[in-house]
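Visitor: Please take one part of this model and go through it closely. I would also like to know how that part fits with what surrounds it.

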Amino acid sequence: MKQVFDRPRTLLDARFHYCPGCHHGTIHRIIAETLDRMELRENTIGIAPVGCAVMLYDYMDIDILEAPHGRAPALATGIKRSLPDRVVFTYQGDGDLASIGMGEIVHAANRGENITVVFVNNTTYGMTGGQMAPTTLLGQKTTTSPFGRDFRTEGYPIRMAELLAGLEGVAYSTRVTVSSPAHIRKAKEAIRKGFEMQLKGMGFSIIEVLSTCPTNWGMKPLDAQKRVLGEMAEYFPLGVFKERKQADFA
Amino acid sequence: MTKDIIMAGFGGQGILMIGNLLALTAMEEGKNVTYLPSYGVEMRGGTANCTVIISDEEIGSPVVWRPGSLVIMNGPSLERFLPNLQPGGELVINSSLVDARKVDRTDVRLFQVAADEIARNKIGSRQMASMIALGAYVALSGVVGLETLIGCLPKVISKKYERFIPLNVNALKEGAALAGIHA
Amino acid sequence: MSAPAAGAAKRVLAKGNEAICHGAIAAGCRFYYGYPITPQNDIPEYMAAHMAEHGGAFLQAESEVATINMILGTSSTGNRVMTSSSGPGISLMQEGLSFMVGSQLPAVIVNISRSGPGLGGIAPSQGDYFQATKVAGHGDAHLICLAPHSVQEMYSLTMLAFDLADKYRNPAMILGDAIIGQMKEPYDPVPYVPAVPDKPWALTGARGRAARHIKSMFLKDGEIEVHNWKLRDKFRKIREEEVRFEPYMLDGAKIGIVAFGTAARVAKTSIQSARKEGIEVGMLRPITLFPFPEEQVRDMASGVQKVLVVEMNTGQMVEDVRRSTPHHERIHFFGKPCAVPTPDEILEQIRLLAGRKG
Ligand SMILES: Cc1ncc(C[n+]2csc(CCOP(=O)(O)OP(=O)(O)O)c2C)c(N)n1
Ligand code: SF4
């Protein structure tokens, strides 16, 4: 059969409801492409977060479960324990994963739960209108840090990929972005690696994706792209923080 | 007397601003008033609307399904709200963006104002279109006094944009004058 | 806009959510913790901008579970403290609320409720009535529950909630919804002096006095039973002394509506229209949902021919109405889950009950 669209099979033919310049759509697409390429579409269960990506099920033609805010890793655990041969991934924002869901993510990671987590870090709460997130940069103004984030009262932005890399159960932890074609290629590679490790039963994998929220940053899409590669990547360095080799996996 | 008005248009046209200004003016005149903006998900679609009710009596429902007046700043809003306008109701449309031929009702009092064009050509800023429409509506309906309305402007415009107050005053007056001629 | 001083002469045009903040600040609340959720974000956003200028503190907690426990902590020191949330967030607070009732700690919890169950939606709803009035998490625990129907009440009932919470050492809830939260309306910053009782139980450090303990666990023989009876007595006193309601056009009414919050507000419009048509209809509007105005409902129900309960859910308060009167056959229910009923819809129900054709 001839391929007419360049739309991945896993991606549904629906218009994204995301704002112009938002990276959520791009990230959906590369997950979908990866699932296609690895022929995992029919073998995968995704967990949608509470956040702008809550309607993941409108875009991906795979089985999807909607989680309460922050609890996706616990739901994923329940699915994976019940169906160990299925590929299970969560898709979570920074409010979802690093704030309300901090407990669930740390414990799933520490258990070495054999799941893959795609973590979208846009330094704010998109869906609820731009409040402070645990990843909000120092000095960044949000609707609940109107004078700019101050470490004396709000603490420091959390580097989740590094934090989780410190846990024994974690097989793979990396931070990527989708701010240019080259970065997209790397991000796709990282997601593929995450799924691969899961298929090999090597344990927990997390791919943190630095992402935009032009709407709540009050920025034009292009300026938002620049911010990702600028001050965000400066505080949240791109790279691999842990990668378990087949050999050291007991 | 009770007046209920729905104002609607694109996000960014200043719909919530003029609704708020009208509500504040009504309060200044000692009337009862409610103002209800669209919120949340509805805003994502890029449209904005608000409902203002002004009355001498206690106001019940702040939500209005069959408004007595409409101020319509764009095409989609006309389609959405016109069918529910009460017979005999006032309809102010921004004819720069709303096609008057789409007004398929003869039982309403239509007033057209080319708000965007006037804002650009006469006032000097497109941002003023909604103020022109509000000026026109106030003059047509007499729901509040133009002077009180102008007097309330500084209360809804933040310090940062203070320098634009005269522009807003001109826009309100321009709209009112146009309506005054046609009323 | 900064909070106006209580007793200021001029009316203030404010959003309901903002008026809650003004009321809280006037009541001496200087601590706010919360976690974002629609449709109440104006409250934390206002407090983030203004708590500091009043010498207080705002903190965005990492979750509602953390929030309610921060509330518990500040309350234990004797200071006035508030949070606000909606649906899923209020559910997450249930454990902490139970601990607060058990530990007899005051606080004000604002629920700008949204549609459920689950993630539901952000449309206005009264689906949290049972949760707000029947339980505070587990155990034999209740919240004091106030239901404003105007911006004025968002302001003044918030102040009352602080006073009642302190008076009874129990958390008090303001149960609103997106409509009264988002709408603007003038309110009067009525003169008010916070009624803050002595708090000889507050944890301040045992300097020069015996150490104090605040706890909800009672393991000794019979202790927890005694504690439960003590709380029961407190709730009974609240039921006896704190009922508040508004009778609306009930004189000579043959049909009596029972509705609260936004539903009551809309019903007022319908009642005005029906009266113009010559239908004798009025309303009893509970302002306190816990304590529920049982006696008043009973008296009203025995004086009218029909009772119409209107709610933005599939039927919750109607059970309290049934409980209050033996005249069950008189009770009719009109519900609109997760949506505001239109004045015409309620009017239609009134006409039906009056035997009129619409
Ligand atoms: C228990 C609970 N609390 C709060 C909310 C409201 N809420 C919805 S999405 C969200 C955070 C969204 O931010 P993030 O996870 O960073 O995702 P984004 O929207 O930026 O993609 C919150 C707080 C909720 N749904 N449930
Ligand atoms: S609010 Fe931010 S995160 Fe949400 S869709 Fe818009 S840009 Fe993306």
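**Chain A and its surroundings**

Guide: Of the 250 residues in chain A, 56% are buried, where buried stands for under 20% relative accessible area, exposed for over 50% and partly exposed for what lies in between, with a 1.4 Å probe and protein chains only. The model is predicted: local features need pLDDT of at least 70, side-chain atom pairs count only at pLDDT 80 or more, totals for chains, interfaces and linings use all residues, and side-chain values use heavy atoms, with hydrogens and water left out. Residues are numbered from 1 along each chain as its sequence is written, while chains are lettered from A and ligands numbered from 1 in the order in which they are written.

Chain A holds 9 helices and 7 strands; these are DSSP runs, H or I of at least four residues for a helix and E of at least two for a strand, numbered from the N terminus. The radius of gyration of chain A is 17 Å, which agrees with the value near 18 Å that a compact globule of 250 residues would have. That radius is taken over C-alpha atoms, and the globule rule is 2.2 Å times the number of residues to the power 0.38. Taken along the principal axes, the C-alpha atoms of chain A fill a box of roughly 50 × 45 × 35 Å.

Contact here means heavy atoms within 4.5 Å. Counting contacts in chain A between residues at least 6 apart in sequence, 69% join residues at least 24 apart. The surface that chain A exposes is about 10700 Å², with 55% of it supplied by carbon and sulfur atoms; accessible areas come from the Shrake-Rupley method with a 1.4 Å probe, and for residues only the protein chains shown count as cover. As for charge, chain A carries 29 positive and 27 negative side chains, with the centres of the two sets 3 Å apart. Lys and Arg count as positive and Asp and Glu as negative, with His and the chain ends not counted; each charge is placed at NZ of Lys, CZ of Arg, CG of Asp or CD of Glu.

Chain A has a contact with chain C that takes 18 residues from chain A and 18 residues from chain C. Between them the two chains bury about 1300 Å², 59% of it on carbon and sulfur atoms; buried area is the accessible area, with a 1.4 Å probe, that two parts lose on being put together, summed over both. Ile100(A), Thr128(A) and Thr144(A) supply 31% of the area that chain A buries against chain C, more than any other three residues.

The partner, chain C, has 358 residues, of which 60% count as buried. Its secondary structure comprises 13 helices and 15 strands. Chain C has a radius of gyration of 21 Å, in agreement with the value near 21 Å for a compact globule of 358 residues. The C-alpha trace of chain C spans about 75 × 50 × 40 Å along its principal axes. Within chain C, 79% of the contacts between residues at least 6 apart in sequence join residues at least 24 apart.

One element of chain C can be followed further. Helix H5 (residues 94-103) of chain C is mostly covered, with 8 of its 10 residues buried. Among the buried residues of H5(C) are Leu97(C), Met100(C) and Val101(C). Their cover includes helix H3 (64-76), strand E5 (107-115) and helix H9 (223-241) of chain C. Just after H5(C), Gln104(C) has a positive phi of about 55°.

Chain C also meets chain B, in a contact that takes 25 residues from chain B and 27 residues from chain C. The area buried between chain B and chain C is about 2000 Å², with 61% given by carbon and sulfur atoms. Met27(B), Tyr39(B) and Trp65(B) supply 30% of what chain B buries against chain C, more than any other three residues.

Chain B itself has 7 helices and 6 strands. Its radius of gyration is 15 Å, close to the 16 Å that the globule rule gives for 183 residues, so chain B is as compact as a globular protein of that length. Buried residues make up 56% of those 183 residues. In chain B, Gly88(B) lies in the loop between helix H3 (75-81) and strand E5 (90-94). Gly88(B) is partly exposed, at a relative accessible area of 47%. Leaving aside neighbours within four places in sequence, Gly88(B) is in contact with Asp107(B), Val108(B) and Arg109(B).
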